[in-house]
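Q: I'd love a close look at one part of this model, the helix in the middle and the segment that follows. Could you walk me through that part and set it in the context of the whole chain?

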Amino acid sequence: MKIVKFMHHNVKVSAMDHLRGRHRDHCLCFQCKKLNIEDREKNCKIANLLFSVCKMCEITTPVFYCKEFIAKGMDKQHIIDILK
Ligand code: SF4
């Protein structure tokens, strides 16, 4: 594994090279109806809170698990409830 250092929003940060720029691919929020990055007032409160922490600490993090998730534009066949 390689670690790379690069500029992100004018701040020098470090990341695993193979994950750099990939957070949207892995973040559940980008498949969720509640995410509204165009309008922070209407955006998910959890996503807004996480965004505040990311901004404050200059980190980038995807959401892997969420109890509030609502799928957007996804066929039911792609949503598998393994509790059943
Ligand atoms: S409900 Fe969960 S998955 Fe959906 S936008 Fe909010 S934090 Fe992300």
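Which pattern does the protein chain follow when read along the sequence?

A: Happy to. Please keep in mind that this is a predicted model. Read along the sequence, the pattern is β-β-α-α, from two strands and two helices.

Let's start with the helix itself. Helix 2 covers residues 45-57, and at 1.5 Å a residue its 13 residues should span 18 Å; the C-alpha atoms at its ends are 18 Å apart, so expectation and model agree. Helix 2 is hardly covered, with one buried residue among its 13. That fits a wider picture, as 6% of the 84 residues of the protein chain count as buried.

Just after helix 2 comes E58, with a positive phi of about 55°, a value found here in a residue other than glycine. E58 counts as exposed because it has 12 C-beta neighbours inside 10 Å, and 12 or fewer is the cut-off for that class. The chain has another positive phi in a non-glycine residue at N10, near 65°. N10 sits in the loop between strand 1 (3-8) and strand 2 (11-16), and it counts as exposed because it has 6 C-beta neighbours inside 10 Å.

Moving along the segment after helix 2, we reach T60. T60 has 17 C-beta neighbours inside 10 Å, so it counts as partly exposed. Leaving out residues up to four places away in sequence, T60 touches H23 and C54. T60 also lies 9.8 Å from V13, C-alpha to C-alpha, although 47 residues separate the two in sequence.

P62 belongs to the segment after helix 2 as well. Its 15 C-beta neighbours inside 10 Å are why P62 counts as partly exposed. With residues up to four places away set aside, P62 touches H23, H26 and C27. H23 is thus a contact of P62 and also of T60. In the other direction along the chain, the C-alpha atoms of P62 and M74 are separated by 19 Å, with the two residues twelve apart in sequence.

Next, the ligand and the core. The residues around the ligand are L28, C29, C32, K34, L35, C44, I46, A47, V63, C66, E68 and F69. By class, this shell has ten nonpolar and two charged residues, and no polar ones. The largest nonpolar core has five residues, C29, C32, L35, C44 and A47, and each of these five is also listed around the ligand. Within that core, L35 is in contact with C29, C44 and A47, and beyond it with F30 and N43, when its neighbours within four places in sequence are left aside.

Finally, the chain as a whole. The C-alpha trace spans about 45 × 35 × 20 Å along its principal axes. The radius of gyration is 15 Å, whereas a compact globule of 84 residues would have one near 12 Å. As for contacts between residues at least 6 apart in sequence, 44% join residues at least 24 apart.

Methods: Residues are numbered from 1 along each chain as its sequence is written. This is a predicted model: local features need pLDDT of at least 70, side-chain atom pairs count only at pLDDT 80 or more; totals for chains, interfaces and linings use all residues. A residue is near a molecule or strand if its C-beta atom, placed from the backbone, lies within 6 Å of it. Ala, Val, Leu, Ile, Met, Phe, Trp, Tyr, Cys and Pro count as nonpolar, Asp, Glu, Lys and Arg as charged, and the others, Gly among them, as polar. Helices (H or I, at least four residues) and strands (E, at least two) are DSSP runs, numbered from the N terminus. The expected span of a helix is 1.5 Å times one less than its number of residues. A residue is buried if 20 or more other C-beta atoms lie within 10 Å of its own, exposed if 12 or fewer, and partly exposed in between; C-beta atoms are placed from the backbone. A nonpolar core is a set of buried Ala, Val, Leu, Ile, Met, Phe, Trp, Tyr and Cys residues joined through C-beta atoms within 7 Å. Two residues are in contact if their C-beta atoms, placed from the backbone, lie within 7 Å. The radius of gyration is taken over C-alpha atoms; the globule rule is 2.2 Å times the number of residues to the power 0.38.
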